[in-house]
Amino acid sequence: MAAALVVAALASGCGIRTTSVPVDAGPAPSRVPCDVSGEEVATRTTGIAVRVFLVCGSQLDAVDRRSPLQEEKANGDPVRTASALLAQLQSEPSESEQRAGFSTAVKGPLSVLGGRGGDPADTLRLSRQPEDLTATALSQIVCTFAESSVGAGDDSVVLGGPGGYPPRRYRCTTEVRQRPDAAVPAEAAPKAAPKAAPKPSAS
């Protein structure tokens, strides 16, 4: 009993107070490097250079890769480019990427097509509803697409699914890159402008 009283007195004298309130200190510090050797990236000479966002240390980080898609086929064809990027996201990280701590949450089968009638011109439609993907997988897709030529500008991309739901504009923000497991900001995409009626021919 005497020993217990001495320990309690020492604890109170140190000014240490316990609390039952949880404290959110953010994600735990990562010990992984999240950096692929520049020499290895430089040795990949085939295909076009692409940048995809993978998961590392509970955050998103960009990785430079080479896609087998030919450059002449990618230019001016957003669906081909988006398909190549999506294939990169679904592929398992290389050994060096794994050693650096990278992984991906994007799992197949998953494909991408262009928009349909009434969609904005820059719409991409996935074979699954974006809301049905895990938050981390959607974050990877949104940030990868938004920072490529298929993006809709302002770090955003317009995505839809196979159903009749209208597409939405998703944004790759700093918060999304830091916490990819949280909800991705989205808003209604502007509707496509109606086509002008043909002018009547002069009689």
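**From the nonpolar core to a buried arginine**

In this predicted model, the largest nonpolar core holds 39 residues, and those touching the most other members are Phe 102, Leu 124, Ile 141, Val 142, Phe 145 and Leu 159. Several elements give two or more residues to this core: strand 1 (48-56), strand 2 (59-67), helix 4 (78-90), strand 5, helix 6 (135-146) and strand 6.

Phe 102 can serve as a starting point. Leaving aside its neighbours within four places in sequence, Phe 102 is in contact with Leu 54, Val 55 and Cys 56, and also with Asp 61 and Val 63. Its other contacts are Cys 34, Asp 35, Val 36, Pro 93 and Glu 97.

Strand 5 covers residues 123-126 and includes Arg 125. Is Arg 125 buried or exposed? Its relative accessibility is 5%, so Arg 125 counts as buried, the cut-off for buried being under 20%. The side chain of Arg 125 makes a polar contact of 2.8 Å with the side chain of Asp 119. Beyond four places in sequence, Arg 125 is in contact with residues including Ser 111, Val 112, Leu 113, Gly 114 and Arg 116. Further along the chain, its contacts include Gly 160, Gly 161, Gly 163, Tyr 165, Pro 166 and Pro 167.

Next come the later strands. Strand 6 (residues 156-160) pairs with strand 7 (residues 168-171) in the antiparallel sense, over four bridges. Here Ser 156 has Arg 171 of strand 7 as its bridge partner. Strand 7 also pairs with strand 8 (residues 186-188), again in the antiparallel sense, over three bridges. In that pairing, Ala 188 of strand 8 stands opposite Arg 168.

How values were computed: Residues numbered from 1 in each chain as written. Predicted model: local features only at pLDDT ≥ 70, side-chain atom pairs only at ≥ 80, totals over all residues. Heavy atoms only, no water. Buried < 20%, exposed > 50% of the residue type's maximum accessible area, 1.4 Å probe, protein only. Polar contact = N/O pair within 3.5 Å; in protein donor to acceptor, adjacent residues only side chain to side chain. Contact = heavy atoms within 4.5 Å. Pairing = 2+ DSSP bridges. Core = buried A, V, L, I, M, F, W, Y, C linked by side-chain atoms within 4.5 Å.
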